[in-house]
Amino acid sequence: QVQLVESGGGLVQAGGSLRLSCAASRRTFSSYAMGWFRQAPGKEREFVAVINWSGDSTDYADSVKGRFTISRNNAKNTVYLQMNSLKSEDTAVYYCAGGGWGTVSDKYDYWGQGTQVTVSS
């Protein structure tokens, strides 16, 4: 079992930046692809970004391309989501996910508890 703990959420003004972190409990983290999803009130959970185990392959939702960057540090068992030029529509609970690949949340085995990101306009 892998435990994932997100941090770094908060309140930010539109146009600002935040960096989310997701720390994994096991060294086998380095063998997993990792993803970020988000869920806004009243909406379904949606894909944000994914990174492969080595960090040399990434994919992003069209809505965040050019603004968000996913990265990882396997030595620290941590994956990051750098979010720039934030918009009010980025407001959501952001979840870290592991053990899967792609844009579908059902494909991932492990989930964090989520961290709230609120962007004020």
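Strands here are DSSP runs of E with at least two residues, numbered from the N terminus. By that rule, Glu-6 belongs to strand 1, which covers residues 4-7. The model is a predicted one.

**Glu-6**

Glu-6 is buried, but it forms no salt bridge. A salt bridge needs a side-chain nitrogen of Lys or Arg within 4 Å of a carboxyl oxygen of Asp or Glu. For Glu-6, the nearest side chain of opposite charge is that of Arg-45, 7.7 Å away. What does the side chain of Glu-6 reach at 3.0 Å? That partner is the backbone nitrogen of Gln-113. The backbone nitrogen of Gly-114 lies 2.9 Å from a polar atom of the Glu-6 side chain.

The distances from the Glu-6 side chain are set out below.

| Partner | Distance |
|---|---|
| Side chain of Arg-45 (nearest opposite charge) | 7.7 Å |
| Backbone nitrogen of Gln-113 | 3.0 Å |
| Backbone nitrogen of Gly-114 | 2.9 Å |

Gln-113 and Gly-114 are also among the contacts of Glu-6 beyond four places in sequence. That list further includes Cys-22, Trp-36, Tyr-94, Tyr-95 and Cys-96. Ser-21, Gly-112 and Thr-115 are on it as well.

**The sheet**

Strand 1 is part of an open sheet of four strands. The order is 1-3-8-7, and the pairing is antiparallel. Strand 1 and strand 7 (68-73) stand at the edges with a single partner strand each, so one side of each has no neighbour in the sheet. From one strand to the next, the twist averages 15°.

At the strand 7 edge, the partner is strand 8 (residues 78-83), paired in the antiparallel sense over six bridges. Arg-72 has Val-79 in strand 8 as its bridge partner.

Key:
Residues numbered from 1 in each chain as written. Predicted model: local features only at pLDDT ≥ 70, side-chain atom pairs only at ≥ 80, totals over all residues. Heavy atoms only, no water. Buried < 20%, exposed > 50% of the residue type's maximum accessible area, 1.4 Å probe, protein only. Lys, Arg positive; Asp, Glu negative; His and termini not counted. Polar contact = N/O pair within 3.5 Å; in protein donor to acceptor, adjacent residues only side chain to side chain. Contact = heavy atoms within 4.5 Å. Pairing = 2+ DSSP bridges. Axes fitted to C-alpha atoms, helices over the stretch in contact; angles between N-to-C directions.
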